[in-house]
Amino acid sequence: MSGRASHSFKWRLVGWLVLFETVATLVVIAIAVGLLWVTGYLIDGYENGNVDVLKDAITRKADGGLELQETPELQRLRQQAGKIWFIVRDRQGHSLSEGTVPEEFAFAVAGLERMNDARFRLSPDKNARPEAVVKWLESPAGMVQIFSGTEGQLTLGRLLLSTTGAFLSIFVPMLLLLAFATVVVTPIVVRRMLSGLSHAASHAAHIEYDQRGIQMPVTGVPNEFLPLVTAVNDALTRLDDGYTRHKRFLAQAAHELRTPVAILGARIASLPPGPDKARLNEDVTRLSILAGQLLDLERLDAQRDDFRPIDLAALAERVIVALAPLGFGAGYEMTFEADQHPVIVAGDEASLERALTNLVQNAIDHGGRRGTITVKVDPQGVIDVCDDGDGIPRSETDRIFEPFQRLRKDGKGAGLGLNLVQKIVHLHGGYVDVSRSASGGACMRIVLPLAAAVTA
């Protein structure tokens with residue numbers, strides 16, 4: 001497993017979108033500012049070149065009067081414009097002036113006290129830059145009124161400063177709104193776009209190991225994820241093929257094993273009686289049972305729903321009658337309990353008889369050769385096979401159904417009997433349960449659904 005933390009596709013997409021929106025906005029602003037600067041459109045029409053420089057250079061003297069500092073910007077303005085003129089005044093009556101007000105604007109001097117903002121233009125073109133302006137501005141000396149010409153130019157620094165202010169007041173709220181919309185909308189869009197992939201993942205989560213021919217649905221899966229789903233489906237197909245080849249090999253091996261086992265049994269039968277012959281017969285019988293169980297497992301995988309009504313009570317009675325001599329010979333009492341009325345289920349009679357036979361045979365083999373083996377059929381489709389042996393530890397109740405697992409290492413059999421029982425019962429829509437009998441022995445329970453005609 002990788003040590004890297006997993007990342008959310010949804011939130012990574014949100015992050016990249018917000019970053020893209022921010023960068024795109026900054027690029028647009030930079031391009032706009034660059035075009036304005038290169039073309040000179042904004043510079044040529046800029047009317048605050050003088051007042052911007054003057055307001056930054058005005059300070060107060062110790063007595064409260066106004067004075068002008070010779071700042072570097074003011075020096076550049078003097079060099080660009082040659083001679084400048086201005087009148088600066090505050091609300092306390094202090095004033096400061098330089099140069100001579102052009103004759104065309106001299107009339108405005110007397111009315112400065114009544115002006116807040118004014119522009120004086122000699123050209124009839126209303127879009128042209130005014131030749132003089134009156135503005136109230138915040139300066140290091142406080143609010144002052146400046147009456148001056150407009151010879152100064154817009155500097156790049158002031159352009160960037162003003163653009164930054166506009167960015168903070170206009171574009172930042174816009175970016176925040178876009179980011180909020182992205183955070184809210186993107187997860188909804190992603191969830192809808194990936195709904196097909198989520199459906200495929202949910203379908204895959206329910207694929208069981210014993211299912212064959214299962215494929216993840218590709219309907220609604222986005223094209224970007226379609227190769228992944230297709231690759232998983234191809235892998236499932238290869239697994240199905242491998243499983244089929246594996247099962248075919250087991251079936252062929254089991255089938256081929258039966259012939260030499262039968263020949264070996266015939267040769268053993270010709271031996272004189274004795275302990276060695278009895279042990280050899282037991283071993284051959286075990287091999288024959290193993291081959292038969294392997295073939296039964298293969299037939300179960302190939303079996304389909306060709307079920308017919310079956311009376312569980314009659315089936316159980318046949319099994320107990322057939323195995324009673326074996327149980328008596330092993331030292332057990334055999335009892336059978338069932339109602340007089342039939343207990344009808346739908347299924348394959350041979351398979352269910354084989355499953356119940358395996359349970360009774362298992363009780364005979366592991367019941368301790370003492371007490372009673374009881375087979376009980378309940379009207380609700382339940383069959384109990386109980387013995388008076390040592391029982392099954394609770395920690396082993398799940399493991400005993402695994403193939404080739406035996407509770408005792410020195411026990412008889414190959415460990416396929418209970419696995420075969422579980423497969424048969426699952427095939428019929430039921431389940432197998434393990435508990436303890438009243439005497440402390442093992443109690444195996446088969447639960448099958450009743451036929452529809454009975455439950456109706």
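In the predicted model, aspartate 384 touches Thr374, Val375, Lys376, Cys443, Met444 and Arg445, when residues up to four places away in sequence are not counted. Aspartate 384 is found in strand 12. Its relative accessible area is 10%, so aspartate 384 is buried, the cut-off for this class being under 20%. The side chain of aspartate 384 is joined to that of arginine 445 by a polar contact of 2.7 Å.

Two of the residues touched by aspartate 384, Cys443 and Met444, also take part in other features described here. Cysteine 443 forms a disulfide with cysteine 386, the two sulfur atoms being 2.2 Å apart. The link joins distant parts of the chain, since cysteine 386 is in strand 12 and cysteine 443 in strand 14, 57 residues apart. The count of disulfides comes to one. Both ends of the link are buried: cysteine 386 has a relative accessibility of 15% and therefore counts as buried, and cysteine 443, with a relative accessible area of 8%, is buried as well.

Methionine 444 belongs to the largest nonpolar core, which has 40 residues; together with Leu356 and Val360, Met444 touches the most other members. Several elements give two or more residues to this core: helix 9 (312-329), helix 10 (349-366) and helix 11 (417-427), along with strand 11 (372-378), strand 12 (382-386), strand 13 (431-436) and strand 14 (442-447). A second core, separate from the largest one, holds 17 residues, including Val53, Leu74, Phe86 and Val144. In soluble globular proteins, nonpolar side chains tend to be buried together. The contacts of methionine 444, leaving aside neighbours within four places in sequence, are with Leu359, Ile383, Asp384, Val385, Ile392, Ile400, Phe401, Leu418, Val432, Asp433 and Val434.

Strand 14 pairs with strand 13 in the antiparallel sense, over six bridges. In one of these pairs, arginine 436 has alanine 442 of strand 14 as its bridge partner. The two strands form a hairpin with five residues between them, and in this hairpin glycine 440 takes a positive phi near 95°.

Helix 10 is another contributor to the largest core. This helix has 18 residues, which at 1.5 Å a residue should span 26 Å; the end C-alpha atoms are 26 Å apart, so the two values agree. The expected value follows because the rise of 1.5 Å is multiplied by one less than the number of residues. The buried residues of helix 10 are Ser351, Leu352, Ala355, Leu356, Asn358, Leu359, Val360, Ala363 and Ile364. Among them are Leu356 and Val360, named above for their contacts within the core. After helix 10 comes glycine 368, which has a positive phi near 80°.

Helix 9 contains glycine 327. This residue has 0% relative accessibility and therefore counts as buried. The C-alpha atom of glycine 327 is separated by 8.9 Å from that of valine 360, although the two residues are 33 residues apart along the chain. When neighbours within four places in sequence are left aside, glycine 327 is in contact with Tyr332, Met334 and Ile364. Of these, Ile364 is one of the buried residues of helix 10.

Earlier in the chain, strand 5 (117-120) is followed by a loop and then by strand 6 (132-139). The two strands run antiparallel and are joined by four bridges. Phenylalanine 120 stands opposite alanine 132 in strand 6. In a regular strand the side chains alternate between the two faces of the sheet. Strand 5 shows such an alternation: Ala118 and Phe120 point to one face and are buried, whereas Asp117 and Arg119 point to the other face and are not buried.

The loop between strand 5 and strand 6 holds arginine 129. With a relative accessibility of 18%, arginine 129 counts as buried, because the class requires a value under 20%. A polar atom of the arginine 129 side chain lies 2.7 Å from the backbone oxygen of threonine 150.

For the protein as a whole, there are twelve helices and 14 strands. Buried residues account for 36% of the 456 residues. Among contacts between residues at least 6 apart in sequence, 61% join residues at least 24 apart.

Definitions and conventions:
Residues are numbered from 1 along each chain as its sequence is written. This is a predicted model: local features need pLDDT of at least 70, side-chain atom pairs count only at pLDDT 80 or more; totals for chains, interfaces and linings use all residues. Side-chain values use heavy atoms; hydrogens and water are left out. A nonpolar core is a set of buried Ala, Val, Leu, Ile, Met, Phe, Trp, Tyr and Cys residues joined through side-chain atoms within 4.5 Å. Buried means under 20% relative accessible area, exposed over 50%, partly exposed in between (1.4 Å probe, protein chains only). Contact means heavy atoms within 4.5 Å. A polar contact is a pair of N or O atoms within 3.5 Å; within protein, one must be able to donate a hydrogen and the other to accept it, and residues adjacent in sequence count only if both atoms are side-chain atoms. A disulfide is a pair of cysteine sulfur atoms within 2.5 Å. Two strands pair if DSSP finds at least two bridges between them.
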